[in-house]
Amino acid sequence: NPEEAVYKFFELFNSADKTLLNEASDSPFIFFIGNNKTVSENYGDSVDFEGLRNQGWAYSKINESALIYADPMSAMVDINFSRLNQDKDVLSTTDATYLLVNKKSKWLLKGAFINSNLSLGE
């Protein structure tokens, strides 16, 4: 289901494997973060994991999630997640809404909507 797909995506994000992240997302991937809009060919093109590590990031975890909409072709999932450092200290906590599309019976992330100024490692 779409909510499980988002949890799996966070596992992939924590592995920092851009190839697997790209396979779990649709192309192009769209980020709306604060007032910035970014369209990337692949999700992996949007994130600088080395930059995130330099900012102290070690992993991310979902605190809460809720499926807010789903039909056979698309879905939206609200989440609250935290970024943590190696000592498990919270670096940031963010609300986000993910848009997913269903392609070949697989839920893929298509876009993310975040109202704060979340860093992608740049």
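Start by selecting Asp26 in this predicted model, and colour it by accessibility: with a relative accessible area of 9%, Asp26 counts as buried, because the cut-off for that word is under 20%. Now add Lys110, whose side chain meets that of Asp26 in a salt bridge, with 3.1 Å from N to O. Lys110 lies in strand β6 (residues 106-114) and Asp26 in strand β1 (residues 25-33), so this pair ties together parts that are 84 residues apart in sequence. Lys110 is buried as well, at a relative accessible area of 15%.

Next, move to helix α1, which covers residues 2-15, and select Glu11 and Lys8, which both lie in this helix, 3 residues apart, or about one turn. Their side chains meet in a salt bridge of 3.7 Å, N to O. Is Glu11 buried or exposed? Glu11 is exposed, with a relative accessible area of 52%, whereas Lys8 is partly exposed, with a value of 45%.

Then select helix α3 (residues 49-54) and show the side chains of Glu50 and Arg53, which stand 3 residues apart in that helix and are therefore separated by about one helical turn. These two side chains also meet in a salt bridge, at 3.7 Å from N to O. Glu50 is partly exposed, with a relative accessible area of 47%, and Arg53 likewise counts as partly exposed, at 39% relative accessibility. Going back to the starting point and adding Lys103 to the selection, you will have a network in front of you, since salt bridges that share partners join Asp26, Lys103 and Lys110. How many salt bridges does the structure hold? The structure holds 4 salt bridges.

For the last stop, turn from charged pairs to empty space. Rolling a probe the size of a water molecule over the atoms shows where such space is left. A search of the whole structure finds 1 cavity of 30 Å³ or more, and the largest cavity has a volume of about 110 Å³. To see its surroundings, select the lining residues Phe9, Phe10, Phe13, Phe31, Tyr43, Ser60, Phe81, Arg83, Tyr98, Ile114, Leu118 and Leu120. The elements that give two or more residues to this lining are α1 and β4 (74-84), and α1 gives the most, with 3 residues. If you colour the lining by residue type, you will find 10 nonpolar residues, 1 polar and 1 charged.

Technical notes: Residues are numbered from 1 along each chain as its sequence is written. This is a predicted model: local features need pLDDT of at least 70, side-chain atom pairs count only at pLDDT 80 or more; totals for chains, interfaces and linings use all residues. Side-chain values use heavy atoms; hydrogens and water are left out. Helices (H or I, at least four residues) and strands (E, at least two) are DSSP runs, numbered from the N terminus. Buried means under 20% relative accessible area, exposed over 50%, partly exposed in between (1.4 Å probe, protein chains only). On a 1 Å grid over the protein atoms alone, a cavity is a set of points where a 1.4 Å probe fits but cannot get out, and a pocket is an open set with protein on both sides within 12 Å along at least five of seven lines; lining residues have an atom within 4 Å of a point. Grid points are joined across faces, edges and corners, and a volume is the space filled by probe spheres set on the points. Ala, Val, Leu, Ile, Met, Phe, Trp, Tyr, Cys and Pro count as nonpolar, Asp, Glu, Lys and Arg as charged, and the others, Gly among them, as polar.
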